[in-house]
Amino acid sequence: MKTIAFFNNKGGVGKTSLVYHLAWMLQRLGYRVLAVDLDPQANLSAMFLDEDTLWRILENKRERSIYGAISPLFRGVGDIAVNPHIEIRSEGLGLLVGDLGLAEVEDELSGTWPRCLSGEERAFRVITAFARLTANASRDFKADVVLVDLGPNLGSINRAALVGCDHVIIPLAPDLYSMQGLRNMGPKVRQWQEDWEIRKLMATRSPIDVELPEGGMAPLGYVAVKFSVLNQRPAKAFQYWLDEMPGQYRTWIVKNDTEAEPSIDEDPYCLAQIRDYKSLIPKSQTHYMPIFDLGRPHGVFGASADAAERCAEDFEQLAIRIVDRAEFARPPAPVRLERSSAPPSLSARLNRLEKLVSKAS
Ligand SMILES: Nc1ncnc2c1ncn2[C@@H]1O[C@H](COP(=O)(O)OP(=O)(O)O)[C@@H](O)[C@H]1O
Ligand SMILES: [Mg+2]
């Protein structure tokens, strides 16, 4: 099982939309996926669940929401709940529902981080709360992969969340702010990883009874998101920033990298290029389903249907690259791309086209 965070301290670069679509795509490919909403804004939960369902869960199962499950520990009356609530969205796809209350633990996490250095058991319990909660849930759910959505900042919730992550994927929008985000977050994540190594060392010298995560936080690559396309190529204004990405990623994320800079199309660190899906995005949000499951019943046909199909291809490629890079085991079940909601296969489309042509002639 691998835990992968999507992180860029710049907001609006497409983190949440990526986690949402990738979760559905990996599930389609036969993996058991646990999506974890660790952004106090809870946007990922709002993409998966309509408002009524979300509020019902938070009302009835609050003590087992992400916030509820860790609150006994933060109130000083116990440890995390062993079993947080997993909202099943489909067979093989579960969600750890986010909670606006999460913002309340930011200060305590911040104050507790240095206390791990003196080997205090409670400090380790608090800092690893998200990591242990996610590990418990993924064991319960028998997840092959955990995808973690984070808020847009370099705060202590994100630091504690990353302590529980093996890998980090960086979404980049083709603009100046996204590049600035890279410049800030690259050194910061590296520093957090090193700081956690030191804390783990301190833990070995103290008699503490907490299962400590590895905290690898290893960068897996970047995903270029939200650029407009003209004539099958990114529009010129975006191409400038796309061309910047391989170099900027090497400068700020890859340590001691002296290799030559390839173009983005040939860059092995570029996991995918995800275009601007325009009106398909609000449609996907209205119907609470990924773009690649939208079709005629949702008012998607013609050029939009082609774009939805292209979206399936982009996310399938992204999913396969992530599986290969993060090296998590292939599922025992056969790949399930033939679900009824999946876009029709190429041969089915050709058959349909042939029928239309013969009808017309
Ligand atoms: N590929 C895309 N094409 C068009 N709009 C997108 C795309 N990805 C995300 N968006 C939109 O951009 C905004 C920010 O995306 P979001 O995923 O919430 O980013 P973040 O989590 O980084 O803040 C949202 O309104 C979302 O619907
Ligand atoms: Mg978000």
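**Confidence.** I began with the confidence of this predicted model. The average pLDDT over the chain is 88, and 89% of the residues reach at least 70. I then looked for a weak stretch and found residues 334-350, where pLDDT stays under 50. For this stretch the model has 15 contacts beyond four places in sequence. I do not interpret these contacts, because predicted coordinates should not be read in detail where pLDDT is low.

**Ligand 1.** I next asked which residues surround ligand 1. There are 15 of them, and those that come nearest are Gly-14, Lys-15, Thr-16, Ser-17 and Tyr-277. I noted which elements give two or more residues to this shell: they are α1 (15-28) and β7 (218-227). Of these, α1 gives the most, with three residues. Sorted by class, the shell holds six nonpolar, six polar and three charged residues.

**Nonpolar core.** I turned to the largest nonpolar core, which has 102 residues. Leu-147 and Val-223 touch the most other members. The element that gives the most to this core is α1, with eight residues. Helix α1 therefore enters my notes twice, since α1 also gives the most to the shell around ligand 1.

I followed Val-223 further and listed what it touches, leaving out residues up to four places away in sequence. The list consists of Leu-18, Ile-169, Pro-171, Leu-172, Leu-271, Ala-272, Ile-274 and Leu-318.

**Helix α8.** Is helix α8, residues 156-163, mostly covered or mostly open? I found it mostly covered, with seven of its eight residues buried. The buried residues are Ile-157, Asn-158, Arg-159, Ala-160, Ala-161, Leu-162 and Val-163. I note that Asn-158 and Arg-159 are included in this buried set.

**Positive phi angles.** I searched the backbone for unusual phi values, because most residues other than glycine have a negative phi. I record two residues here.

Lys-142 has a positive phi of about 55 degrees, although it is not a glycine. I located Lys-142 in the loop between α7 (129-141) and β5 (145-149). Lys-142 counts as exposed because it has 11 C-beta neighbours inside 10 Å, and the cut-off for exposed is 12 or fewer.

Tyr-288, also not a glycine, has a positive phi near 50 degrees. Its place is the loop between α11 (280-287) and α12 (303-326). With 15 other C-beta atoms within 10 Å, Tyr-288 is partly exposed, because that count falls between the limits of 12 for exposed and 20 for buried.

Definitions and conventions:
Residues numbered from 1 in each chain as written. Chains lettered and ligands numbered in written order. Predicted model: local features only at pLDDT ≥ 70, side-chain atom pairs only at ≥ 80, totals over all residues. Near = placed C-beta within 6 Å. Helix = DSSP H or I, 4+ residues; strand = E, 2+ residues; numbered from the N terminus. Nonpolar A, V, L, I, M, F, W, Y, C, P; charged D, E, K, R; others polar. Core = buried A, V, L, I, M, F, W, Y, C linked by C-beta atoms within 7 Å. Contact = placed C-beta atoms within 7 Å. pLDDT = per-residue confidence, 0-100.
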